Amino acid sequence: MSSHEVTLFIDGKEIQANKDVTVLEAAEENGIYIPRLCWLKGLSPFGACRVCLVRANGRPQPACTQRVMDGMVVDNDTEELRGIRRNIIDMIFVEGNHFCMFCEKSGNCELQAMAYRHGITAPKYPFLFPQKAVDASHPDVLIDRNRCILCSRCVRASKEQDGKGVFGFTGRSIDKRLAVSSGEGLAGTTLDVDDEAVSACPVGCLMKKRVGYAIPVGERRYDQEPIGSDIESVAANKGGE
Amino acid sequence: MSKAKVATTSLCGCFGCHMSVLDIDERILDLVQLVEFDRSPINDIKHIEGTVDVGLVEGGCANEENVAVLREFREHCKVLISLGDCAINGGVPALRNMVPLKECFEEAYLQGPTVHNPEGRIPDDPEIPRLLDKVYPCHEVVKVDYHLPGCPPSADTIWAALNALLTGAPLELPYQLVKYD
């Protein structure tokens, strides 16, 4: 073991990781999936959604921002944490207007997939049905804020990968909304349909126009296997080692 | 053994979930061996008398009549199931929940581009159930025991759930059968 490596335990499994990575990254490299929505590979961690909440040495921490430490004991797949994650997903659903039955993102949506993975058949909280605006001004990209989960993946991707800063937020708490860098709406920005910011959206908030329902039901990303299965199957294949 | 009693209704739904019940195809012959239908649009029985084992409710509550029917189901059903997205989250009818009811009426009966209403009257006959301010999911009105999402839930989903309930097996549906679309 080099001096750059640390040893930690996730749900009792001993793993080695580079000392500079986060708990989420260390887990993923070892075939352990920690559920997440606002984290996206290649973007700086944000810690917004809290779906990746784990107990690190007993303390609740988002796995996406928590660095690994030598000897750290991490709880991930426990009844308590699964319950917290279910509650967070429930809250995201009732705070927005998520009409899965006609959404173009359905079947490829990470929020929906997260609810499927956690066995949610109905949220436990009352629906709020908030008023949120649609911006269809851009010729190639649609913003439907009804579906926005405020993960900031588009905000970070536009800034860090596209070098543009097209997206940001206005308002606070329940009034927080996705905003764009022009008073003219999305059409007034420098956004291009091929920007990383567009494909970074985990839900159906930022959608490319004229490509909806391209994949038939049954063949979409999360139709057959739960989200995270790809990461876990790496572990299954390594099982003999 | 006497047959289990099943009741079904469509509140603010499109009957698509009932179509999906019929979509179990020839398995419906097995189903009629297991169950007897009480109140249901299939036999047009108007009210549940006595106790029913399983109630399937399609659609959310958009008006006072929906609430009355849902309460009758809750009162008479040992197990009540929200069948489909509208019962669970309001579904497409809940798109009006972001618009005040007054504006909905004005658009539908006064200002809509195809409206012909010279008297400018919004229907208010006492025979017409009054609309609620919003479309409510069933579990926000009465206690609901199980939710079967989908628009509609697939025939396989409905079959698996009914089979489990009627044979006393645990209601654990495989991943592929729980979908929101």
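What radius of gyration does chain A have, and what would a compact globule with 241 residues have? Hello everyone, let me start there. Chain A comes out at 19 Å, and a compact globule of 241 residues would sit near 18 Å, so the two agree. Please keep in mind throughout that this is a predicted model.

Let me stay with chain A for a moment. Its secondary structure consists of six helices and ten strands. If you draw a box along the principal axes, the C-alpha atoms fill roughly 55 × 40 × 35 Å. Of the 241 residues, 51% count as buried. Now take the contacts between residues at least 6 apart in sequence: in chain A, 63% of these join residues at least 24 apart. The surface that chain A exposes is about 11,200 Å², with carbon and sulfur atoms supplying 50% of it. As for charge, chain A carries 30 positive and 33 negative charges, and their mean positions are 5 Å apart.

On to chain B. Here we have 181 residues, and buried residues make up 47% of them. The count of elements is six helices and seven strands, and from the N terminus on they run β-α-α-β-β-β-α-β-α-α-β-β-α. The C-alpha trace of chain B spans about 60 × 35 × 30 Å along its principal axes. For contacts between residues at least 6 apart in sequence, 78% in chain B join residues at least 24 apart. Its accessible surface is about 9,400 Å², and 55% of that belongs to carbon and sulfur atoms. Chain B has 15 positive and 28 negative charges, with mean positions 4 Å apart.

Now for the element I'd like you to look at on the screen, helix H3 of chain A. Seven of the eight residues of this helix, which covers residues 110–117, are buried, so H3 is largely enclosed by the rest of the structure. The buried ones are Glu110(A), Leu111(A), Gln112(A), Ala113(A), Met114(A), Ala115(A) and Tyr116(A). And what do the buried residues of H3(A) pack against? They pack against helix H2 (79–95) and helix H4 (153–161) of chain A. After H3(A) comes Gly119(A), which has a positive phi, near 70 degrees.

One of the residues of that helix, Ala115(A), also gives us a reference point for Arg50(A). These two are 65 residues apart in sequence, and their C-alpha atoms are 14 Å apart in space. Arg50(A) itself sits in the loop between helix H1 (23–29) and strand E3 (53–56) of chain A. Its relative accessibility is 39%, so Arg50(A) counts as partly exposed. Leaving aside residues up to four places away in sequence, Arg50(A) touches Pro62(A) and Ile88(A).

Next, the cysteines. How many disulfides are there over all chains? The count comes to zero. Take Cys109(A): the closest cysteine sulfur belongs to Cys100(A), 6.4 Å away, which is too far for a bond. Cys109(A) counts as buried because its relative accessibility is 10%. Cys154(A) tells a similar story, since the closest cysteine sulfur, in Cys151(A), is 6.3 Å away and too far for a bond. With a relative accessible area of 8%, Cys154(A) is buried.

Let me finish with some loops and backbone angles. Ser152(A) lies in the loop between strand E7 (141–144) and H4 of chain A. Its phi is near 70 degrees, a positive value in a residue other than glycine. Is Ser152(A) buried or exposed? Buried, with a relative accessible area of 2%.

Tyr213(A) also has a positive phi, near 55 degrees, and is again a residue other than glycine. You will find Tyr213(A) in the loop between strand E10 (206–208) and helix H6 (229–237) of chain A. Here the relative accessible area is 58%, so Tyr213(A) is exposed.

Gly188(A) is in the loop between strand E9 (177–180) and helix H5 (196–199) of chain A, and at 40% relative accessibility it counts as partly exposed. Gly188(A) and His138(A) are 50 residues apart in sequence, with 7.8 Å from C-alpha to C-alpha.

And a last stop in chain B: the peptide bond joining Cys151(B) and Pro152(B) is cis, with omega about -5 degrees. Pro152(B) is found in the loop between strand E7 (146–148) and helix H6 (155–167) of chain B. Thank you, and do ask away!

How values were computed. Residues numbered from 1 in each chain as written. Chains lettered and ligands numbered in written order. Predicted model: local features only at pLDDT ≥ 70, side-chain atom pairs only at ≥ 80, totals over all residues. Heavy atoms only, no water. Helix = DSSP H or I, 4+ residues; strand = E, 2+ residues; numbered from the N terminus. Rg over C-alpha atoms; globule rule 2.2 N^0.38 Å. Buried < 20%, exposed > 50% of the residue type's maximum accessible area, 1.4 Å probe, protein only. Contact = heavy atoms within 4.5 Å. Areas by Shrake-Rupley, 256 points an atom, 1.4 Å probe, with all protein chains shown as cover. Lys, Arg positive; Asp, Glu negative; His and termini not counted. Charge placed at Lys NZ, Arg CZ, Asp CG, Glu CD. Disulfide = S-S within 2.5 Å.
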